[in-house]
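Here is a friendly walk through the charged groups and the nonpolar interior of one chain. Have the viewer open as you read.

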Amino acid sequence: QVQLVESGGGLVQVGGSLRLSCAASGRTFSSYAMGWFRQAPGKEREFVARISWSGGRSSYVESVNGRFTISRDNAKNTMYLQMNSLKPEDTAVYYCGSGTWASIISKPSYWGQGTQVTVSS
């Protein structure tokens, strides 16, 4: 069982930056791939980024490539999402999830409760 808690969301102006954190409980954090997802009002939840259990592999949705960076610190059981050059279309509730590298994009095993990110123009 893994419990995930997101933090770091807030209101930021266009072009600004935020860093989201996802704190995980459980001794098996380092065994799982981790990912970030987001859901904008009236839209389905979408994949944003994922990182392998070791941190050695990562991938991003095209719309955030070059602006967002995913990372993790297994010693702290925490994953991060550094978001730069934020745009209004990045406004959403951001969720973290855990699972296997192969399946996390479509079917994470565990979800956090989400943190709101609002980008104002």
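## A buried acid without a salt bridge

In this predicted model, Glu6 is buried yet makes no salt bridge. Its nearest side chain of opposite charge belongs to Arg45, 6.8 Å away, and a salt bridge needs a nitrogen within 4 Å of a carboxyl oxygen, so Arg45 does not qualify as a partner. You will find Glu6 in strand E1, which covers residues 3-7.

What does the side chain of Glu6 reach instead? One partner is the backbone nitrogen of Gly114, at 2.8 Å. The backbone nitrogen of Cys96 also lies 2.8 Å from a polar atom of the Glu6 side chain. Beyond its neighbours within four places in sequence, Glu6 is in contact with a list of residues including Ser21, Cys22, Trp36, Tyr94 and Gln113.

## A network of charges

Now to the charged side chains that do pair up: the model has three salt bridges. Arg38 takes part in one with Glu46, where the closest N and O atoms are 2.6 Å apart. Arg38 is buried, at 6% relative accessible area, whereas Glu46 is partly exposed at 33%.

Arg38 also forms a salt bridge with Asp90, at 2.9 Å from N to O. Because Arg38 sits in strand E4 and Asp90 in the loop between E8 and E9, this pair ties together parts that are 52 residues apart in sequence. Asp90 is buried, with a relative accessibility of 1%.

Asp90 meets Arg67 as well, in a salt bridge of 2.8 Å from N to O. Arg67 belongs to the loop between strand E6 (58-60) and E7, 23 residues away from Asp90 in sequence, and this pair too links distant parts of the chain. Arg67 and Asp90 are both buried. Through shared partners, the salt bridges join Arg38, Glu46, Arg67 and Asp90 into one network.

## The nonpolar interior

Which residues have the most contacts inside the largest nonpolar core? They are Trp36, Leu81, Met83 and Tyr94, in a core of 26 residues. Strands that give two or more residues to this core include E3 (18-25), E4 (33-39), E8 (78-83) and E9 (92-99). E3 gives the most, with four residues.

Another core lies apart from this one. It has five residues, among them Ala33, Phe37, Phe47 and Trp101.

Two of the names above tie back to Glu6: Trp36 and Tyr94 are among the residues that Glu6 contacts, and both are among those with the most contacts inside the largest core.

Conventions
Residues are numbered from 1 along each chain as its sequence is written. This is a predicted model: local features need pLDDT of at least 70, side-chain atom pairs count only at pLDDT 80 or more; totals for chains, interfaces and linings use all residues. Side-chain values use heavy atoms; hydrogens and water are left out. Buried means under 20% relative accessible area, exposed over 50%, partly exposed in between (1.4 Å probe, protein chains only). Lys and Arg count as positive and Asp and Glu as negative; His and the chain ends are not counted. A polar contact is a pair of N or O atoms within 3.5 Å; within protein, one must be able to donate a hydrogen and the other to accept it, and residues adjacent in sequence count only if both atoms are side-chain atoms. Contact means heavy atoms within 4.5 Å. A nonpolar core is a set of buried Ala, Val, Leu, Ile, Met, Phe, Trp, Tyr and Cys residues joined through side-chain atoms within 4.5 Å.
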